[in-house]
Amino acid sequence: MKTKTLLGGLLASLMIMSGAAFAQGSVRVEVYKSAYCGCCGKWVEHLRKNGFDVVTKDVDNVPAARKTLGMPDQYGSCHTAKVGSYSVEGHVPADDIRRLLSESPKAIGLAAPGMPQGSPGMETSTPQPYETLLVGLDGKPQRVFARH
């Protein structure tokens with residue numbers, strides 16, 4: 001009888017915890033991009049496939065959006081995004097964004113400068129190695145966050 005009660009309580013606890021996790025929903029990402037950029041749309045698709053709640057905002061001036069989000073122009077790409085309190089510049093993989101949110105470093109955010117061939121949204125048969133940089137609060141690369 002005690003085992004049955006214990007198992008019932010455990011099951012009820014698991015149901016409550018899973019319901020709380022479901023209620024929190026996925027992480028929201030606001031992407032600022034040109035309406036005419038195809039690779040930006042592919043990056044958005046990559047994020048959605050990886051469980052992010054993505055809202056796109058077509059803008060005429062991506063560099064101005066980047067500046068508003070605090071990311072220096074030297075890390076510029078074709079799109080910029082806001083995830084929580086962080087900026088994400090360029091074709092940064094979803095796993096890097098998850099890790100950023102998990103580790104919560106003091107930083108502006110992440111950048112994959114330029115448009116690296118083989119990054120999410122820039123898939124190609126000849127991918128090139130690239131790095132995701134953690135951009136410090138001073139606007140300088142704090143460190144290489146990930147190598148791809």
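Q: How many bridges join β3 to β4?
A: Welcome to this predicted model! The strands β3 and β4 run antiparallel. The count of bridges that join them is four.

Q: Which residue in β4 is the bridge partner of Val 83?
A: Let's stay with this antiparallel pair, β3 and β4. Looking across from Val 83 into β4, the bridge partner is Tyr 86.

Q: Which residue in the hairpin of β3 and β4 takes a positive phi near 60°?
A: Two residues lie between the strands of this hairpin. The one with a positive phi near 60° is Gly 84.

Q: Which residue of β3 is the bridge partner of Glu 30?
A: β3 also pairs with β1, in the antiparallel sense and over five bridges. Glu 30 has its bridge partner in β3, and that residue is Lys 82.

Q: How many of the five residues in β3 are buried?
A: A residue is called buried when its relative accessible area is under 20%. By that cut-off β3 is mostly covered, and its number of buried residues is four.

Q: Which three residues touch the most other members of the largest nonpolar core?
A: This core has 21 residues. Elements that each supply at least two of them include β1, α2, β3, β4, α4 and β5. The residues that touch the most other members are Val 29, Leu 47 and Ile 97.

Q: Which residues from 81 to 83 does Val 29 touch?
A: Residues up to four places away in sequence are not counted here. Among the contacts of Val 29 are Leu 47, Phe 52 and Val 55. From 81 to 83, Val 29 touches Ala 81, Lys 82 and Val 83.

Conventions:
Residues numbered from 1 in each chain as written. Predicted model: local features only at pLDDT ≥ 70, side-chain atom pairs only at ≥ 80, totals over all residues. Heavy atoms only, no water. Core = buried A, V, L, I, M, F, W, Y, C linked by side-chain atoms within 4.5 Å. Buried < 20%, exposed > 50% of the residue type's maximum accessible area, 1.4 Å probe, protein only. Contact = heavy atoms within 4.5 Å. Pairing = 2+ DSSP bridges.
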